[in-house]
Amino acid sequence: ATNFGWVKINFGETGFFRTAYSKELLEKLVKPVQNKVLSSRDRLGIIRDLFALAEAGTIPTTDALEFLKAYKNEDNYTVWLEIATGLARLEQLFPEDRLRGNLNKLILDLFSPTFKRLGWTKKTKELHTDTLLRSLTISRLGRSGDQKIITEARKKFLLIQKGKHISPDIRGAIYSIIATCGSIREYQILIRMYKKEVLHEEKNRIGNALGDFKNPKIL
């Protein structure tokens, strides 16, 4: 069974089942995902199944994490959202120790090329999905300890407090980073902002970030 090329089970993701590949077959799927020979639907399906099977204990978690190397140059927002969601679920299982540190390194390596492509600023006539992906990428990198992202988020947070215009598209990501890296001081600022805010969307952005503080007493 090792003399043929790659094979993608449940092609087009039409069936309601998970696919557990052997390590050998999984390795052969890296290039088709990397080169986007497989559709975005199939690229999403592979990583979604890997995360689900790892959570269930059917496959080793390392199989899912190692396969993420195939997605470094992914450009589809829905695929990235699936990756970010799967990583967030895994994060909850890892305490604040060496394991979390290693996971953060993997996340920084994985998401950095996408941030390099998108940056902080919206481009003229960019895809709506790229606007969403920018926010997702900034949030994910900042929450995993990217110091440049954290520093820039803090600068922009000060500007928001001074009433300066910062694009609503990235405000949620900024609040999330500020909360993740913040203490009681940042909590009090966000609470004041939340109570004062009248715009429903902005209130939601601030409210969503309030659960990102790491200090259990603040939570």
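Ser-139 touches Ala-173, Ser-176 and Ile-177, leaving aside residues up to four places away in sequence. Ser-139 belongs to helix H7, which covers residues 128–143, and the residue is buried, because its relative accessible area of 12% falls under the 20% limit for that class. The model described here is predicted. The protein contains 11 helices and zero strands.

**Helices H7 and H9**

- The axes of H7 and helix H9 (residues 168–180) come within 8 Å of each other and cross at roughly 10 degrees.
- H7 and H9 are therefore roughly parallel to each other, since angles under 35 degrees are placed in that class.
- From H7, the residues that meet H9 are Thr-131, Arg-134, Ser-135, Ile-138, Ser-139, Gly-142 and Arg-143.
- From H9, the partners are Asp-169, Ile-170, Ala-173, Ser-176, Ile-177 and Thr-180.
- Sorted by class, this contact of H7 with H9 comprises four nonpolar, six polar and three charged residues.
- Ser-139 takes part in the contact between these two helices, and its own partners Ala-173, Ser-176 and Ile-177 are listed among the H9 residues of that contact.

**Arg-205 and its surroundings**

- Arg-205 is located in helix H11, which runs over residues 200–209.
- Which residues does Arg-205 touch, not counting residues up to four places away in sequence? The partners are Pro-168, Arg-171, Gly-172 and Tyr-175.
- Ser-176, which Ser-139 touches, also has a spatial relation to Arg-205: their C-alpha atoms are separated by 8.5 Å, although the two residues are 29 residues apart along the chain.

**Helices H10 and H11**

- Helix H10 (residues 184–196) packs with H11 at an angle of about 155 degrees, and the two axes are 9 Å apart.
- How are H10 and H11 oriented to each other? They are roughly antiparallel, because the class takes in angles over 145 degrees.
- H10 passes H11 in a crossing that is left-handed.
- The H10 side of the contact consists of Leu-190, Met-193, Tyr-194 and Lys-195, which meet Lys-203, Ile-206 and Gly-207 of H11.
- The class composition of the contact of H10 with H11 is four nonpolar, one polar and two charged residues.

**Helices H8 and H10**

- Helix H8 (residues 147–161) and H10 have axes that come within 12 Å and cross at roughly 40 degrees.
- H8 and H10 are therefore oblique to each other, as an angle of roughly 40 degrees is not under the 35 degrees that define the roughly parallel class.
- The crossing of H8 and H10 is left-handed.
- Phe-157, Ile-160 and Gln-161 of H8 make the contact with Ile-189, Leu-190 and Met-193 of H10.
- Five nonpolar residues, one polar residue and no charged residue form this contact of H8 with H10.
- Leu-190 and Met-193 of H10 appear in the contact with H8 and also in the contact with H11.

**Residues with positive phi**

- Glu-13 has a phi near 55 degrees, a positive value in a residue other than glycine.
- Glu-13 is placed in the segment before helix H1 (23–28).
- Is Glu-13 buried or exposed? Glu-13 is buried, as its relative accessible area is 15% and the limit is 20%.
- Lys-36 likewise shows a positive phi, of about 60 degrees, although it is not a glycine.
- The position of Lys-36 is in the loop between helix H2 (30–34) and helix H3 (40–56).
- Lys-36 counts as partly exposed, because its relative accessibility is 31% and that class lies between 20% and 50%.

**Overall architecture**

- Along the sequence, the protein follows the pattern α-α-α-α-α-α-α-α-α-α-α.
- The C-alpha trace spans about 65 × 40 × 30 Å along its principal axes.
- For 219 residues, a compact globule would have a radius of gyration near 17 Å, and the protein has 19 Å, which agrees.
- Buried residues account for 45% of the 219 residues.
- Of the contacts between residues at least 6 apart in sequence, 61% join residues at least 24 apart.

How values were computed
Residues are numbered from 1 along each chain as its sequence is written. This is a predicted model: local features need pLDDT of at least 70, side-chain atom pairs count only at pLDDT 80 or more; totals for chains, interfaces and linings use all residues. Side-chain values use heavy atoms; hydrogens and water are left out. Axes are lines fitted to C-alpha atoms, for helices over the stretch in contact, and angles run from 0 to 180 degrees between N-to-C directions. Helices (H or I, at least four residues) and strands (E, at least two) are DSSP runs, numbered from the N terminus. Angles under 35 degrees count as roughly parallel, over 145 as roughly antiparallel, 65 to 115 as roughly perpendicular and the rest as oblique. A crossing is left-handed if the near helix is turned anticlockwise from the far one by less than a right angle, and right-handed if clockwise. Contact means heavy atoms within 4.5 Å. Ala, Val, Leu, Ile, Met, Phe, Trp, Tyr, Cys and Pro count as nonpolar, Asp, Glu, Lys and Arg as charged, and the others, Gly among them, as polar. The radius of gyration is taken over C-alpha atoms; the globule rule is 2.2 Å times the number of residues to the power 0.38. Buried means under 20% relative accessible area, exposed over 50%, partly exposed in between (1.4 Å probe, protein chains only).
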